[in-house]
Amino acid sequence: MNTNQYEKKLEQLGAFEIASKMLKVAKNNENHNSFLNAGRGNPNWINTQARLAFTRFMAFGVKESERTMLEGNLAGYTTLDGISGRLNDFLDLSQKEDAFIQTFIDYGVDVLDIDRDALVKEFTDAIIGNNYPVPSRCLVNIEKIINVYLQDTLYNGVSLADSTQVFPTEGGTAAICYIFNSLKKNGLIQEGDRIAINMPIFTPYLQIPKLTNYKMVEVDLEAREDNDWEIPLGALDILEDESIKAFFLVNPSNPASRALDSKLLKRIKEICEKRRDLIIITDDVYGTFVDGFQTVYAVAPYNTLLVYSYSKLYGATGWRTGCIAMNKQNVFDDLIARLPEEKLKVLDKDYSIVTMEPRSFPFIERLTADSRSIGLYHTSGLSTPQQAMMALFSLTHLVCHDGDNYIESTKEIVAKRYHNLFEGLGIKEDNTRENAKYYALIDIYNLAERLYGENLATYIRKNFEEIDFLLNLAKEEGLVIMEGVGFAATPGTLRVSQANLADDAYPKIAKRIIELLKEYDDKMKTSLEEGH
Ligand SMILES: *Cc1c(COP(=O)(O)O)cnc(C)c1O
């Protein structure tokens, strides 16, 4: 295979697979540069408070268990009576993590109106992990906590916590799989259906619909650089077309890292008032990185299903913590009720093994049941320690009084790195509120033109595969970046993650990109001379 053939083949792979191939190449780079991976969205920070509280609760839980049985390493079950008093005795309030535990238990009792012993018992057992998740979908008090967290961080002042139900999942990843699966199984999306997608977008939303068992037709709502990566307002008109069954949205977007502005939200609200049959799936995992963020779920709760993940904000990708949230009144249940009788009969048969009233079995319970092939509904649900960790992450935010320093710190980190990168490249920063700055999209042709003139941009476009620049960045400069094309961004865009590297790596990234462009410029000049 020559270089061109190899590059063409490589371009067939998904963006994440290409990046993982680049890793090896970059580690052995020709210039012996330090290896830099700016491809990954995995953050390099963690939240310590929730983690420390988790270990203290585990220690308390073991002590509680030893009260009822104790034979060497064998202990019994915990008991409800007086458990909160015993927790108080256990806590050493001079320790930060213990003071945090006391504060959030008080918060649960005083603000969320939860019984003190019941709350302590739920956390204790969840963290020991001595019971199947009951109810399967979500532990009851933990659901209240997650609901208030989602409301506080994503709804921008709209009260929906009481009317929202949550299904915790193994990260946003599992949420996405479960959603596609249950939409299909319940006939809400069928082969050949048209779905709208905001592009460029996180690769699975492009890849899954194309798989042979889905065969959906995508309609692109394309955000472009010349509109600051925002969807043009007029593009939303397509959602009025009743042949569009669903709208899949990542907001703030990935890779462009841009939140919908208030005009777009208003327009979506208007459309949803007319189109009571439109399904919206919004993935808001970067919502907290935007000041005054508002999710589509807050403006169109009936039509919208929300995906959230704790992975990015809390540096918790290994924990696998995320959720699906939806309103008690929702389009999904109403569309199921209106399915043809024939389809309903088939669904009745499947779900009747877990409910006596399959016709009123809500979509969120179907998601839970389907996640374990229905037959294992009774042992479904996210592991209880993971559910507890989600609640602990949420509580670190909820018990802050004068603004959340942790969330502010994560915003400052990505903003500083974004600034370092753009300053190094000599590109004007986009400091509008909607820019989450978690990722940056760099248009390599524009940059070539700006730094070395239009000829170079044309030369690169004409003579090289899109992936050539990326491959050379890895091979020569030891730098891994993801290509935007895999996310359906315009050719020549690179996605740089501001999450994954030390602050001082970003000027280096800029320098290496510029150095490589210089090499292409030199190549161009040599080839021109040879041509003459
Ligand atoms: C990272 C990411 C996810 C996956 O989140 P996990 O909770 O780690 O599985 C989902 N959606 C988007 C847009 C992401 O960027």
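Two residues are taken to be in contact when heavy atoms of each lie within 4.5 Å. On this criterion, in the predicted model, 28 residues of domain 1 touch 34 residues of domain 3. Domain 1 is assembled from two segments of the protein chain, 3-41 and 405-529, whereas domain 3 covers 140-387. Domain 2 is assigned to 48-128. The C-alpha centres of domain 1 and domain 3 are separated by 31 Å.

The interface between domain 1 and domain 3 buries about 2,500 Å², and carbon and sulfur atoms account for 58% of this area. On the domain 1 side, Arg-433, Glu-434 and Phe-487 together provide 24% of the area buried against domain 3, more than any other three residues.

Polar interactions also cross the interface. Between domain 1 and domain 3, 14 residue pairs are in polar contact, counting pairs with both residues at pLDDT 80 or more. The rule for salt bridges identifies 3 across this interface. A salt bridge is formed by Asp-291 and Lys-411, whose closest N and O atoms are 2.6 Å apart.

Several secondary-structure elements contribute to the side of domain 1 that touches domain 3. At least two residues each come from helix H2 (15-27), helix H16 (405-425), strand E11 (439-443) and strand E14 (493-497). H16 gives the largest share, 5 residues. By residue class, this side of domain 1 consists of 12 nonpolar, 9 polar and 7 charged residues.

Definitions and conventions: Residues numbered from 1 in each chain as written. Predicted model: local features only at pLDDT ≥ 70, side-chain atom pairs only at ≥ 80, totals over all residues. Heavy atoms only, no water. Domains from an automatic or database assignment. Buried area = accessible area lost by both parts, 1.4 Å probe. Salt bridge = Lys/Arg side-chain N within 4 Å of Asp/Glu carboxyl O. Polar contact = N/O pair within 3.5 Å; in protein donor to acceptor, adjacent residues only side chain to side chain. Helix = DSSP H or I, 4+ residues; strand = E, 2+ residues; numbered from the N terminus. Nonpolar A, V, L, I, M, F, W, Y, C, P; charged D, E, K, R; others polar.
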